[in-house]
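User: Could you take me through one part of this model in detail? I would like to follow a single strand and see what it pairs with.

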Amino acid sequence: MAERGIIIRVSGPTVVAGNMAGARIHNRVLVGEDHLPGEVIRLEADRATIQVYEDTTGLGLGEGVTDVGKPLLAELGPGLLGSVYDGVQRPLHAIRAKSGDFIGRGISAPPLDRQRRWEFRPVAREGDIVVPGDVLGIVAETPRIDHLVTVPQGNGGAIRRILAGSFSVLEPVAFLADGTELPMVRRWPVRTPRPFRRRLPPTLPFITGQRVFDVLFPLAAGGAAIIPGGFGTGKTVVEHSLARYAEADIIVFVGCGERGNEMTEVLTDFPELADPSTGRPLMERTVLVVNTSNMPVAAREASVYTGITIAEYYRDMGYRVALLADSISRWAEALREISSRMEEMPGEEGYPTHLGSRLAGFYERGGRVSCLGGGEREGTVTIVSAVSPPGGDFSEPVTQSSQRIAGVYWALDPALAHRRHFPAVDWRKSYSLYTGAVDDWFRKNVSDDCTALRGGLMALLQREEELQEVVQMVGIDALQEQERIVLTVSRMVREHFLRQSAYSETDASCPPERAYLMLKAFLSFHTLCRDLLARKVPVETILALPFRQEMERMKELPKEGFRETVAALIARIESEGGRER
C-alpha cells in the first residue's frame, strides 16, 4: 500500500485522482490527509474516478490518494449478530464512543470486536481432509444461533492441528498441513456473490405471519419481493413486522437513505423487542446496516451490498435469512447522483442506463441454495425491498425495473392506509409468481383445499370490485339480494381477515393453519348465504344469523383452543345449510 495518487478534481462525493496507474476497478482507496475511505469506480489512462464514503468538504487539489490494493471487504465472523453498522460496515456503537453522535472524518473501527473471546468447539478432527465450506467448529454466537466456522475459499487440505477453547476472532483455531492458519474471521468482497454448490427450486414458502401475504400473494423462501408505496402507506411498518414475525433464523435489516427519525425508531425499538418465537431479544438474530439520508451517498450505494454479503454468509451456514431493504429507491437515487457526477449518459428520469442490470445483480443474490462443504446444508436468502416511488407513481423507473425482477409485488394503497387498514395491500394490483411453486407445500402442510380457498377469495374480492362500480353509479338499492350478500361477506373478509392489528398479541402474526381456518369459515358462510337465498330465505334473516359476530371475533381468539373453536364454528355453518326451514 503506497501513496502515489494525487487529487486533481473534486465534485461532491466523487474525486478524480491522477497518477493511479495500476489501480483496479472497485479497489478500496484512502483519500486526502484525513484518509477518507473510497472506492475506484472508473479508470481512464492513469486517472481514477473514486466515490468517497464520507463528506468531501475540505478536500484540496494535490492531496494524496492511497490505493489499498483490495476491494471493499465485509468482515465476517462471530459477533455480527446484534451489531449496528453503517453502509461500509463501520460499527456505529464503537464509532460513537470515539467521535460522538456524528461520524468523524476518516474515523474507522474494526467491524468485529477484537477483544471479545468466543468459545470454539471443534467438529473436524486432526488428519481430516477439508475443502472450502467444510465445518471446522461451532461457536455459540447467541443462545439461539450456532455460528459455524467453515473453511474459507481458497483453502483446504489436511488438518494438522485443531484447537478447542476460548479465542478472539483473529487467533487461529485450526492449522492446515501446508502451514495455513485459520482464524474465525473471514473477509469477502461485498460486490462479489458468495459461492454455493447449486441453486434449488423455490418450493418452500417464506411465512410472513401476515394473512394477505401468506394466503393471497405468497413469497417463496429464497425469492424476492418488493413493496412499492407512496409516503405514509406503511412500507416501514410492514418491514418491521416481517423482521419480527417472519419465519427466518437471521434478519439483516438495511436502512438505506431513510430519514434519521425512522432509523432512530429502529435503533431504539429493535434492542427492546422480544423474538415472538423464543422470547429472547430480537437483536440476538438481527444485524442492522444503517445509512440515513444525511450520510454520504456513496456509503448508501454500498450499504445494500454489505447487507447482502452478511446475509449470504449466514445462508452458507444453512440458515434461513431475510434481507429487508428500506428502501431500494434511496439506493437508486444514490446511484443516480454518482452517475451524474461521472457525467454518464442519463436514462429515464436521470437514472443511469444500467439501473436495471444493477438491480438484477442485487436481487439475483437471493435464493435457496445447497451450501458448499460436507453434509447437506441448505440455506436461503429472501429479499424484501421497500420501494418509494415519488408521488406514489408506480410507473417510475425504480418500481418498474424492480417489478421486472422480483417475483412478488405487494403494492400498497394510500386509500387503505388512510382508512387505517394494515397491511394496506392493494389486492387488485398485487401478485405473486410463486403461488404455483409453493402450493404443494400448503397442500401437504395445511390442507388440500388451500388453493381452492385462495381462488374463492380472489373471485369474491373481484366480484365486490365490480359491484362497487355499480353502487357508485346507481346506488346499493339497485343491487339484487345475492349481490348484497357478496358486498356484506367481502366487507367482513376485508375487515376481519385481510386486516391485521400490529398491536394485538393474538392478531399481529397469524400462522398458515390459523389463516386457513379463518378463511374457510368466511367462505363457508358465503356458501351458506347463497344456499339460503336460493331457498327463498329473506336476506335480512340470513344476515341476522349469529355466525357473523363469531367470525368477526375469530382473530382475537387465543392460540389455545383456536382450532377446536373455529372447526366447531365451520361445522355449525355447514350444518345450518341442511336444516329444514
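Analyst: Happy to. Let's start with a parallel pairing: strand β19, residues 224–228, lies alongside β24 in the parallel sense, and five bridges link the two. One contact to look for is P228, whose bridge partner in β24 is V387. Please keep in mind that this is a predicted model.

β24 itself spans residues 378–387. Is this strand mostly covered or mostly open? It is mostly covered, with nine of its ten residues buried, where buried means under 20% relative accessible area.

Next comes β22, residues 320–326, which also runs parallel to β24 and is joined to it by seven bridges. To find this pairing on your screen, go to L323, which has I383 as its bridge partner in β24.

β23, residues 367–370, runs antiparallel to β24, and four bridges join them. Here R368 stands opposite T380 of β24.

While you have the model open, the largest pocket is worth a visit too. It holds about 1,200 Å³ of space. Its lining has 41 residues, and those that lie nearest the centre are G234, T236, V237, F422 and Y503. Helices α3 (235–245), α4 (260–269) and α9 (414–418) each give at least two residues to that lining, and α3 has the largest share, with seven. Sorted by class, the lining of the largest pocket comprises twelve nonpolar, 16 polar and 13 charged residues.

How values were computed. Residues are numbered from 1 along each chain as its sequence is written. This is a predicted model: local features need pLDDT of at least 70, side-chain atom pairs count only at pLDDT 80 or more; totals for chains, interfaces and linings use all residues. Side-chain values use heavy atoms; hydrogens and water are left out. Buried means under 20% relative accessible area, exposed over 50%, partly exposed in between (1.4 Å probe, protein chains only). Two strands pair if DSSP finds at least two bridges between them. On a 1 Å grid over the protein atoms alone, a cavity is a set of points where a 1.4 Å probe fits but cannot get out, and a pocket is an open set with protein on both sides within 12 Å along at least five of seven lines; lining residues have an atom within 4 Å of a point. Grid points are joined across faces, edges and corners, and a volume is the space filled by probe spheres set on the points. Ala, Val, Leu, Ile, Met, Phe, Trp, Tyr, Cys and Pro count as nonpolar, Asp, Glu, Lys and Arg as charged, and the others, Gly among them, as polar.
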